[in-house]
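Me: Hey, I'm new to this one. Can you walk me through it?

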Amino acid sequence: MSKLYKLIFGLLVLSALLLSGCTQNGTGEAPENSPEPESVSEAPAKPSAPPVTFEGTDLEGTSVSSEIFSQSKLTMVNVWATYCNPCLQEMPELGELAAEYDAEEFQIIGIVSDVIEGTDQTQAESLVQQTGANYPHLLLNESIYYALLTDMSGVPTTFFIDENGVVLGRVIGAKEKSVWEEIINGLLAEE
């Protein structure tokens, strides 16, 4: 029964993501209805907002939990898919950003939304290596799905989360490195 439940869950998640598609066209331009790139699309969370909690595994096979947020003042969680060209186009610059900031201030975590924990992850590993996105990438499971992905409309979607695990906001669509720097520096200045 457990294997059947996991299979059904995986197929439902994958179907939802495939139907929603990427949030950009292949030209790297944001769609007309996307939020202004200089601002996070949602208002900062109230201090009483519940923290995000999850347990999962990354591409390296390491167990990861929501305690990872306490390692930095600000965490950027970039949700991507192996079929999404805008996701893959922005990953080299995300890799650069991850290397440029002090880890105590800022970190990036990826979530591979179309690779379910316990399934073949070869393609995702290859794409991470090709793009130089040298930061942790979590594999999709039920815990991660319910913690962050239930209200997503497409990929890439990026969440900004503070050291307490509280979501500060999200941005839908791929952005240029300079736009991400503006958002990151603005959120770090608010801390």
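Me: How do helix 2 and helix 5 pack, and at what angle?
Reply: This is a predicted model, to say that up front. In it, helix 2 (residues 85-100) packs with helix 5 (residues 177-190) at an angle of about 40°, and their axes are 10 Å apart.

Me: Are those two roughly parallel or oblique?
Reply: Oblique: angles under 35 degrees count as roughly parallel, and helix 2 and helix 5 are therefore oblique to each other. Helix 2 passes helix 5 in a right-handed crossing.

Me: Which residues meet there?
Reply: From helix 2 you have E90, E93, L94, E96, L97 and E100, and they meet K177, W180, E181 and I184 of helix 5. That contact between helix 2 and helix 5 divides into 6 charged, 4 nonpolar and no polar residues.

Me: Switching to the sheet. What order do the strands have?
Reply: The order is 5-4-3-6-7, in an open sheet of 5 strands with mixed pairing. Strand 5 (137-140) and strand 7 (167-172) stand at the edges with a single partner strand each, so one side of each has no neighbour in the sheet. From one strand to the next, the twist averages 20°.

Me: Do strand 4 and strand 5 pair in the parallel or the antiparallel sense?
Reply: Parallel: strand 4 (residues 106-116) and strand 5 pair that way over 4 bridges. One of the residues to look at is G110, whose bridge partner in strand 5 is H137.

Me: And which strands does helix 2 touch?
Reply: Helix 2 packs on the sheet and touches strand 3 (74-80), strand 4 and strand 5, with its direction making about 160° with that of strand 3. Helix 3 (residues 122-131) also packs on the sheet, touching strand 3, strand 4 and strand 5; the direction of helix 3 makes about 125° with that of strand 3.

Me: New topic: how many aromatic pairs are there in the whole structure?
Reply: A search finds 4 aromatic pairs. F160 and W180 form a tilted one, 6.0 Å centre to centre with 50° between the planes. F160 lies in strand 6 (residues 157-162) and W180 in helix 5, so this pair ties together parts that are 20 residues apart in sequence. W180 also belongs to the contact with helix 2 from earlier.

Me: Last one: what kind of peptide bond joins V155 and P156?
Reply: A cis one, with omega at about -5°. Most peptide bonds are trans. You'll find P156 in the loop between helix 4 (142-149) and strand 6.

Key: Residues numbered from 1 in each chain as written. Predicted model: local features only at pLDDT ≥ 70, side-chain atom pairs only at ≥ 80, totals over all residues. Heavy atoms only, no water. Axes fitted to C-alpha atoms, helices over the stretch in contact; angles between N-to-C directions. Parallel < 35°, antiparallel > 145°, perpendicular 65-115°, else oblique. Left-handed = near helix turned anticlockwise from the far one by under 90°. Contact = heavy atoms within 4.5 Å. Nonpolar A, V, L, I, M, F, W, Y, C, P; charged D, E, K, R; others polar. Pairing = 2+ DSSP bridges. Phe/Tyr/Trp six-rings, centres within 6.5 Å; stacked < 30°, edge-to-face > 60°.
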